[in-house]
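This report describes two parts of one protein chain: a single loop residue and a strand with its pairing partners. The structure is shown first.

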Amino acid sequence: MSGSLRRDNLRQLLRENEVEAILVTNFTNVSYLTGFTGDDSYLLVTDQSQALLSDPRYTTQLEQECPGLPLEIRQPGTTMGSWTAEVVGRHSLSRLAVEADTMTVGQFQAMQEKLAGVELKPVSGLVEKLRLIKDDQEVAAIREAARIAERAFDVLRATLRAGQTEREVAHDLEHQIRLFGGSGCSFPPIVAVGPQAALPHARPTDIRIGSSEFVLIDWGARAAQYVSDLTRVLVTGKIPPKLETIYEVVLNAQQQAIAAIRPGAVLQEIDAVARDIITEAGYGPQFGHGLGHGIGLEVHEAPRLAKNQPQTLQTGMVVTVEPGIYLPGWGGVRIEDDVLVTSTGYEVLTSAPKQFADCVATI
């Protein structure tokens with residue numbers, strides 16, 4: 001879908017919210033609506049027009065990435081706040097929506113002072129509502145990000161050696177992602193050996209591969225601005241019976257939850273499918289996060305598969321499914337895949353092997 005069509009869809013939301021225009025200040029939302037890959041730029045969308053507000057650093061890039069989009073380039077010595085107020089003032093608006101989740105209180109107050117005749121209406125989630133449903137181009141980009149991530153992981157697994165540190169493995173994973181065409185990682189990779197894997201967001205340290213029987217790796221690649229997000233566990237020593245038991249519980253929970261994905265399925269009910277299995281196995285308190293989240297231009301987007309989420313899945317959403325069990329002092333198991341909601345059910349976009357027999361790594 002082109003940026004023009006996305007802006008037209010946004011205009012429809014503006015009419016529903018009874019505002020004449022919106023100032024988009026979330027840089028990711030600006031990118032979604034225009035195709036611009038830089039930052040430090042705002043987008044003004046009115047019922048009949050649009051303008052991208054930026055500065056001379058990006059003029060050439062903007063002309064290349066957003067041909068035909070009207071530009072308002074501020075000059076050195078002019079602040080973004082005063083320039084934005086000047087541009088908005090030229091449009092004779094009476095009511096302007098602003099992104100409440102991005103604009104600070106200070107920015108809001110300063111703009112309100114400069115635009116005394118314009119009512120500023122804080123809104124939340126308008127562009128994000130459009131981003132919930134991925135078009136074919138977005139899905140293709142996520143597929144490519146998954147492909148790159150998995151190829152990088154294949155190389156890492158084949159070259160994994162005892163004595164490497166968590167930090168070295170994380171750096172090598174990012175290097176491989178870039179070699180396979182990714183622009184980088186979706187987020188700093190999590191490489192967690194043994195007890196470190198009990199931390200869902202563990203940071204890589206100098207703990208060495210092989211100092212415990214297993215390692216958890218959570219990683220993703222970025223391609224064409226879109227991301228993937230996967231987690232796998234590798235056994236790097238003698239197989240602990242406890243690990244296999246817990247792993248099979250988590251794998252069953254994940255597979256059953258994925259099987260329940262379809263248009264109209266309630267988010268909290270999908271979460272409950274996995275949570276009930278883990279609870280029945282005696283590990284309910286050790287599953288302390290939601291089942292999954294949306295991915296796209298960002299690694300954490302709406303929707304959320306979690307408790308107290310009564311919304312429903314829709315065709316075109318892409319979500320992670322990542323149940324986990326975490327035991328302080330011992331370690332943790334999490335298995336994560338990226339899933340597209342299709343018109344008839346679901347499609348798993350990631351394909352890295354995940355049966356327990358596939359976890360054994362030779363180091």
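## A loop residue and a strand

Thr236 has a relative accessibility of 10%, and because buried means under 20%, Thr236 counts as buried. The model is a predicted one.

Thr236 sits in the loop that runs between strand E12 (230–235) and helix H9 (241–259). A polar atom of the Thr236 side chain lies 3.2 Å from the backbone oxygen of Ser212. Ser212 is also among the residues in contact with Thr236 once neighbours within four places in sequence are left aside. That list further includes Ile209, Gly210, Glu213, Phe214 and Val215, as well as Leu160, Ala361 and Ile363.

The second part is strand E2, residues 42–46, which is mostly covered, with 5 of its 5 residues buried. Tyr42, Leu44 and Thr46 point one way from E2, while Leu43 and Val45 point the other way. Residues of both groups are buried.

E2 pairs with two strands, listed below with their bridges.

| Strand paired with E2 | Residues | Sense | Bridges |
|---|---|---|---|
| E1 | 21–24 | antiparallel | 4 bridges |
| E3 | 50–54 | antiparallel | 4 bridges |

Which residue in E2 is the bridge partner of Ile22? The partner is Val45. Val45 also stands opposite Gln50 in E3. The connection from E2 to E3 is a hairpin through 3 residues.

Notes:
Residues are numbered from 1 along each chain as its sequence is written. This is a predicted model: local features need pLDDT of at least 70, side-chain atom pairs count only at pLDDT 80 or more; totals for chains, interfaces and linings use all residues. Side-chain values use heavy atoms; hydrogens and water are left out. Buried means under 20% relative accessible area, exposed over 50%, partly exposed in between (1.4 Å probe, protein chains only). A polar contact is a pair of N or O atoms within 3.5 Å; within protein, one must be able to donate a hydrogen and the other to accept it, and residues adjacent in sequence count only if both atoms are side-chain atoms. Contact means heavy atoms within 4.5 Å. Two strands pair if DSSP finds at least two bridges between them.
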